[in-house]
Amino acid sequence: MRYPFLIFYCLLFTLPCLAQQPLHYGNNPKAGKYYAVRGINMYCEIYGQGKPLLLIHGNGGDISAFSKTIPYFSQYYKVIAVDSRAHGKTMDNKDSLSFEMMADDFAALLTQLHIDSAYVIGWSDGGINALVMAMRHPEKVKKLASTGANLWPDSTALIPSLWKDMEQEFNAGKNKLYNTAKEKNSRKVFLLDWLQPNIALSQLAQIKCPSLIIAGDHDLIVTKHTVDIFEHIPGAQLWILPNSGHGTLIDYADEFNQKVQAFFKK
């Protein structure tokens, strides 16, 4: 049996790495709370004290993706880990979904938490969200670290094998009937990455905050694409992890945490 694209993606790049991690992240009643944000109830868990740090997970994921990130950064920051719109515990019954909507959600959440601006770490789709948030709400982002992000959906940005898998998943689902809320949501989340983002390199000049652009040298994102992102953000820094795939913050958690922390503190 072949997994649907989104489930396969999560299993391949997230769940095996999280199997030995604490399971309460993303399901911790003591730290978790829902916030009414832009027509949805956004689930959020907060850990630690200090300057605010927003964590944004990837497509099909949830807060548990940061099980190796939260323990480290909560020693130094007020860590705000969020289930994005239509992900995890944050339900969304709308038909549409976009990175712009999600970036606006995060900015509104910070406002509701009485936070003027925050550091931001985004992984995969979360990395895209970090970039979009910095463009749409520059006052809300102190510094950002974006790992495994792409600016458009095709085989010049995503490695050809991934794009082929996505194409097969798209074609297989074109004539399907999606009856349940779960099926409709899964298709919507998949289509987010099939159709988006659509960001021109020139738009990255809008990003004014210090930015660390990260990818693995065997990432799902084409290395040249990552370098192009870095080159078009004024004053950005680039970090390509050797011998790393898409899960930079999991596969090399200690190095990732220390490097990002050094960047935030500099």
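Which strand and which helix each supply at least two residues of the lining of the second largest cavity? In this predicted model, the two elements are strand 7 (211–216) and helix 8 (223–232).

**Cavities**

A search of the whole structure finds two cavities of 30 Å³ or more, and the second largest of them has a volume of about 30 Å³. Its lining is made up of Leu-131, Ser-146, Gly-148, Ala-149, Ile-213, Ile-214, Thr-226 and Ile-229. Rolling a probe the size of a water molecule over the atoms is what shows where such empty space is left.

**Salt bridges**

Side chains of opposite charge can pair when their charged atoms come close. The structure holds six salt bridges, and three of them are set out in the table below.

| Salt bridge | Closest N to O |
|---|---|
| Asp-105 and Arg-38 | 2.7 Å |
| Arg-85 and Asp-105 | 2.8 Å |
| Asp-104 and Arg-136 | 2.9 Å |

Asp-105 forms a salt bridge with Arg-38; Asp-105 lies in helix 4 (residues 99–112), whereas Arg-38 lies in the loop between strand 1 (32–37) and strand 2 (40–47), so the pair ties together parts that are 67 residues apart in sequence. The surroundings of these two partners can be described separately: Asp-105 is buried, with a relative accessible area of 0%, while Arg-38, at 40% relative accessibility, counts as partly exposed.

Asp-105 also meets the side chain of Arg-85 in a salt bridge, and because Arg-85 lies in the loop between strand 4 and helix 4 while Asp-105 lies in helix 4, this pair ties together parts that are 20 residues apart in sequence. Here both Arg-85 and Asp-105 are buried. Arg-38, Arg-85 and Asp-105 are linked with Asp-92 and Lys-188 in a network of salt bridges.

The side chains of Asp-104 and Arg-136 likewise meet in a salt bridge, with Asp-104 in helix 4 and Arg-136 in helix 5 (residues 125–136), so that parts 32 residues apart in sequence are tied together. Asp-104 is buried, with a relative accessible area of 15%, whereas Arg-136 counts as partly exposed at 42% relative accessibility.

**Aromatic rings**

A search of the whole structure finds 14 aromatic pairs. One of these is formed by Tyr-77 and Tyr-119, whose rings are arranged edge-to-face, at 5.5 Å centre to centre and with 70° between the planes. Tyr-77 lies in strand 4 (residues 77–82) and Tyr-119 in strand 5 (residues 118–123), so the pair ties together parts that are 42 residues apart in sequence. Both Tyr-77 and Tyr-119 are buried, and both belong to one aromatic cluster that also includes Tyr-72, Phe-73, Tyr-76, Phe-263 and Phe-264.

Phe-263, a member of that cluster, has Lys-143 lying over its face, at 5.3 Å from the ring centre. Trp-239 has Lys-259 over its face, with a value of 5.4 Å from the ring centre.

**Cysteines**

How many disulfides does the structure hold? The number is zero, a disulfide being a covalent bond between the sulfur atoms of two cysteines. As for individual cysteines, Cys-44 is buried, with a relative accessible area of 1%, and Cys-209 is buried too, with a relative accessible area of 8%.

Terms used. Residues are numbered from 1 along each chain as its sequence is written. This is a predicted model: local features need pLDDT of at least 70, side-chain atom pairs count only at pLDDT 80 or more; totals for chains, interfaces and linings use all residues. Side-chain values use heavy atoms; hydrogens and water are left out. Rings of Phe, Tyr and Trp (its six-membered ring) pair if their centres lie within 6.5 Å; planes under 30 degrees apart count as stacked, over 60 as edge-to-face and the rest as tilted. Helices (H or I, at least four residues) and strands (E, at least two) are DSSP runs, numbered from the N terminus. Buried means under 20% relative accessible area, exposed over 50%, partly exposed in between (1.4 Å probe, protein chains only). A charge sits over a ring if NZ of Lys or CZ of Arg is within 6 Å of the ring centre and within 35 degrees of the ring normal. A salt bridge is a side-chain nitrogen of Lys or Arg within 4 Å of a carboxyl oxygen of Asp or Glu. A disulfide is a pair of cysteine sulfur atoms within 2.5 Å. On a 1 Å grid over the protein atoms alone, a cavity is a set of points where a 1.4 Å probe fits but cannot get out, and a pocket is an open set with protein on both sides within 12 Å along at least five of seven lines; lining residues have an atom within 4 Å of a point. Grid points are joined across faces, edges and corners, and a volume is the space filled by probe spheres set on the points.
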